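Here are some notes for a colleague who is about to work through this fold. Please read them with the coordinates open.

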Amino acid sequence: MSAKTAYRLTAKGSAEIAAKPGKLNPGLKVLLTAIGSRITEEELRTKFPRAGNIGAALAQLVAGEHIEAIVASVKPKAAEDDDLDFSAEPQPTAKPKVTKSDDLESFLSERPKEPTLQQRKQAEGTLSGARRLKAGYEISILNRPGKPLAPRNGGSKHIVLVIDSHEAEALAAAHGLMQGGFEVRGAGNKAEIVAALGKTPPDLIIMDVELHDTVGLDVLGKLHEHPQFKSTPIIVVTARAERDDIVAALAYGASGYLNKPVKPETLLRYAKDALGLP
């Protein structure tokens with residue numbers, strides 16, 4: 001058993017989260033919302049891999065008495081998690097392992113199957129009944145579950161993975177979703193997507209199809225071919241509003257489509273609809 005520094009909210013921090021808009025800037029407020037009753041700097045870096053200097057931000061929140069540092073005991077990594085431990089040295093006589101992340105990265109590198117004619121027709125039919133908004137198209141959730149979906153990790157919070165290469169937009173989306181009661185992870189490139197999916201599978205994925213180092217539509221299509229993620233609802237949130245873009249996303253399996261910019265309350269409503277939540 002080892003010890004490391006963790007952080008938790010103070011009464012002042014809880015009050016700041018509840019305040020609208022509050023005194024902190026949006027970036028610090030997102031970080032504050034993610035801290036909760038106990039979290040380490042390492043865990044925060046995992047949640048927000050594209051964030052800037054998290055250590056300096058934590059120091060600022062401690063100085064402002066929004067959070068306090070505590071000593072947390074950390075158990076050694078369990079043996080069954082070894083396939084995700086990239087720091088472990090391989091045994092001299094053992095053959096190199098193929099980790100879950102290796103498998104997933106290879107899978108996502110392949111081209112997805114082209115949508116069938118029936119899938120394209122269904123997407124066209126959905127689009128023909130969509131409402132045109134000032135900001136673009138808003139497509140209703142296609143397969144809203146008949147009853148609320150329980151969190152896959154057995155906990156009290158659903159996990160939402162936000163895939164977006166635009167850091168400011170990703171943070172804004174994360175802030176609104178966390179305020180709505182979700183646990184949020186972020187990914188902005190292919191490596192971060194693989195890392196995020198290699199943990200507890202998300203209950204919902206919200207993604208932009210305009211990504212810096214990979215084709216977003218290919219990722220969308222491959223996720224719906226993967227046995228672990230094929231039933232995971234995926235909402236596309238992007239600045240692309242051409243008819244062909246929307247039809248392609250829906251044909252590849254998107255549960256919904258929103259055109260940026262999206263209001264936080266709209267995104268939260270769609271997230272809850274996709275999971276069958278009130």
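The points below go from the whole chain to its strands, its cores and one buried threonine.

1. Overall. This is a predicted model. The protein chain holds 11 helices and 10 strands. Of its 278 residues, 45% are buried. The accessible surface is about 14,900 Å², and carbon and sulfur atoms account for 52% of that area. Take the contacts between residues at least 6 apart in sequence: 72% of them join residues at least 24 apart.

2. Strand β8. Residues 204-207 form β8, and both of its faces are covered. L204 and I206 lie on one side, I205 and M207 on the other, and all four are buried. In a regular strand, side chains alternate between the two faces of the sheet. β8 has parallel partners in β6 and β9. With β6 (residues 159-163) it shares 4 bridges in the parallel sense. With β9 it shares 3 bridges, again parallel.

3. Register. Which residue of β8 is the bridge partner of I163? It is M207. M207 in turn has V236 of β9 as a bridge partner. V236 also stands opposite Y257 in β10. These pairs are handy anchors when checking the strand alignment.

4. Strand β10. β9 and β10 run parallel and are joined by 4 bridges. From β10 (residues 256-259), G256 and L258 point one way, while Y257 and N259 point the other way. Every one of these residues is buried.

5. Crossovers. β8, α9 and β9 make up a right-handed β-α-β unit. The link from β9 to β10 runs through helix α10 (residues 243-251), and this β-α-β crossover is right-handed.

6. Helix α10. Is this helix mostly covered or mostly open? Mostly covered: 7 of its 9 residues are buried. The buried ones are D245, I246, V247, A248, A249, L250 and A251. G253 follows the helix, with a positive phi near 115 degrees.

7. Largest core. The largest nonpolar core has 38 residues. L44, L177, F182 and I206 touch the most other members. At least two residues each come from α2 (26-35), α4 (54-63), β6, α7 (167-179), β8, β9 and α11 (264-274). α2 gives the largest share, 6 residues. Such grouping fits a general trend: in soluble globular proteins, nonpolar side chains tend to be buried together.

8. L177 and the second core. Leaving aside neighbours within four places in sequence, L177 is in contact with V160, V162, F182, V184, I206, L267, L268 and A271. A second, separate core has 32 residues, including L161, M207, V247 and L250. So where do two residues of β8 go? I206 belongs to the largest core, whereas M207 belongs to the second one, and these two residues lie on opposite sides of the strand.

9. T232. This residue sits in the loop between α9 (216-223) and β9 (234-238). Is T232 buried or exposed? T232 counts as buried because its relative accessible area is 1%, and the cut-off is under 20%. The side chains of T232 and R152 are joined by a polar contact of 3.0 Å. Not counting residues up to four places away in sequence, T232 touches R152, P202, D203, L204, I205 and H224. Among them, L204 and I205 belong to β8.

Note on methods: Residues are numbered from 1 along each chain as its sequence is written. This is a predicted model: local features need pLDDT of at least 70, side-chain atom pairs count only at pLDDT 80 or more; totals for chains, interfaces and linings use all residues. Side-chain values use heavy atoms; hydrogens and water are left out. Buried means under 20% relative accessible area, exposed over 50%, partly exposed in between (1.4 Å probe, protein chains only). A polar contact is a pair of N or O atoms within 3.5 Å; within protein, one must be able to donate a hydrogen and the other to accept it, and residues adjacent in sequence count only if both atoms are side-chain atoms. Contact means heavy atoms within 4.5 Å. Two strands pair if DSSP finds at least two bridges between them. A crossover is right-handed if, with the strands pointing away from the viewer, the path from the first strand over the helix to the second runs clockwise. Accessible areas come from the Shrake-Rupley method with a 1.4 Å probe; for residues, only the protein chains shown count as cover. A nonpolar core is a set of buried Ala, Val, Leu, Ile, Met, Phe, Trp, Tyr and Cys residues joined through side-chain atoms within 4.5 Å.
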